[in-house]
Amino acid sequence: MAKIPTFTAEGSITQLEGTTSNVRMGLNQNLASALAPITKTVVQQKVKENALQNQAEALKLENDFITDMQSVTQTINTNEKYATNKDAANIYLKEQSDALIKKYRALATNGNVQEKFSNSALAEVQKTIFKTDTIISRNILTNLTNEYLKQKELVIINGMTNDIDRLTLQTSLQKLTIDTYSSQVSPPELKKMLNAIPVEIQLYDGLKDVQQTPRKTYFLLKDPKYLPDLSYEQRLKLEEKIAQLSSDRVLAEKAAAKAKKDG
């Protein structure tokens with residue numbers, strides 16, 4: 001019977017185990033190395049998306065906040081209580097902006113959005129305060145000028161109709177002008193305004209004479225001693241008023257005569 005050949009293994013079982021173990025570790029390391037870039041990309045993409053999501057949410061809150069703040073500004077500009085009073089306007093603006101910031105912060109889904117929104121909202125409030133103060137400053141000056149002109153007209157009318165007021169008319173107008181504008185305009189500008197007062201008074205005198213005695217006033221205007229502070233252009237305008245007044249009277253007389261004849 002033929003003998004079956006036998007073979008003797010070289011090396012120990014331990015050596016074989018070590019060889020097998022080394023192969024397995026190499027495979028794991030290769031797999032981890034292959035997956036690492038993918039994992040890193042996924043993580044980075046997630047971080048990027050979270051940042052974009054937070055920014056979009058913060059912008060949405062800010063846009064709604066700005067819209068509400070525009071209504072607050074509109075109230076300040078149109079409400080007489082605030083339109084010419086910076087202290088009252090700023091108190092109202094602070095109350096409203098604080099309430100709106102609290103409202104929209106509560107709507108944020110996380111702290112990052114809250115922080116982004118708060119920073120933007122506070123910056124918007126600062127800009128609103130600056131714009132509001134600028135508008136109110138203009139309103140104050142406009143209101144001051146309007147009230148000054150109203151009182152000046154009243155003082156002049158009283159001076160034209162009352163002999164006692166007429167004696168102090170120029171002094172009253174000078175005081176009114178100084179009290180109103182001494183802290184608002186430069187000394188040269190204030191002096192210019194004061195120098196114009198005699199001219200204004202004489203112009204009113206001329207208009208009064210035009211209404212009462214137009215023909216006489218027409219010839220008086222040729223005399224430089226009559227209303228001496230009026231300019232040549234101002235005298236021409238008074239003469240034009242006399243001509244217009246005369247024309248209107250002629251037309252009125254013709255219309256009356258025609259009506260009488262037809263009647």
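Angles between helix axes under 35 degrees count as roughly parallel, over 145 as roughly antiparallel, 65 to 115 as roughly perpendicular, and the rest as oblique. In this predicted model, the axes of helix 4 and helix 7 cross at roughly 50°, so the two helices are oblique to each other. The protein chain around them has 9 helices and 0 strands.

**Overall fold**
- Along the sequence, the protein chain reads α-α-α-α-α-α-α-α-α.
- Of contacts in the protein chain between residues at least 6 apart in sequence, 62% link residues at least 24 apart.

**Burial and surface**
- The protein chain has 263 residues, and 23% of them count as buried.
- Its accessible surface is about 19100 Å².
- Carbon and sulfur atoms account for 57% of that accessible surface.

**Geometry of helix 4 and helix 7**
- Two packed helices are described by the angle between their axes and the distance between the axes.
- Helix 4 spans residues 111-161 and helix 7 spans residues 187-212.
- The axes of helix 4 and helix 7 come within 11 Å.
- The crossing of helix 4 and helix 7 is right-handed.

**Residues in the contact**
- Helix 4 contributes Tyr148, Lys152, Ile156 and Met160 to the contact with helix 7.
- On the side of helix 7, the residues met are Met193, Glu200, Ile201, Tyr204, Asp205 and Lys208.
- By class, the contact of helix 4 with helix 7 comprises 6 nonpolar and 4 charged residues, with no polar ones.

Conventions
Residues are numbered from 1 along each chain as its sequence is written. This is a predicted model: local features need pLDDT of at least 70, side-chain atom pairs count only at pLDDT 80 or more; totals for chains, interfaces and linings use all residues. Side-chain values use heavy atoms; hydrogens and water are left out. Helices (H or I, at least four residues) and strands (E, at least two) are DSSP runs, numbered from the N terminus. Buried means under 20% relative accessible area, exposed over 50%, partly exposed in between (1.4 Å probe, protein chains only). Contact means heavy atoms within 4.5 Å. Accessible areas come from the Shrake-Rupley method with a 1.4 Å probe; for residues, only the protein chains shown count as cover. Axes are lines fitted to C-alpha atoms, for helices over the stretch in contact, and angles run from 0 to 180 degrees between N-to-C directions. A crossing is left-handed if the near helix is turned anticlockwise from the far one by less than a right angle, and right-handed if clockwise. Ala, Val, Leu, Ile, Met, Phe, Trp, Tyr, Cys and Pro count as nonpolar, Asp, Glu, Lys and Arg as charged, and the others, Gly among them, as polar.
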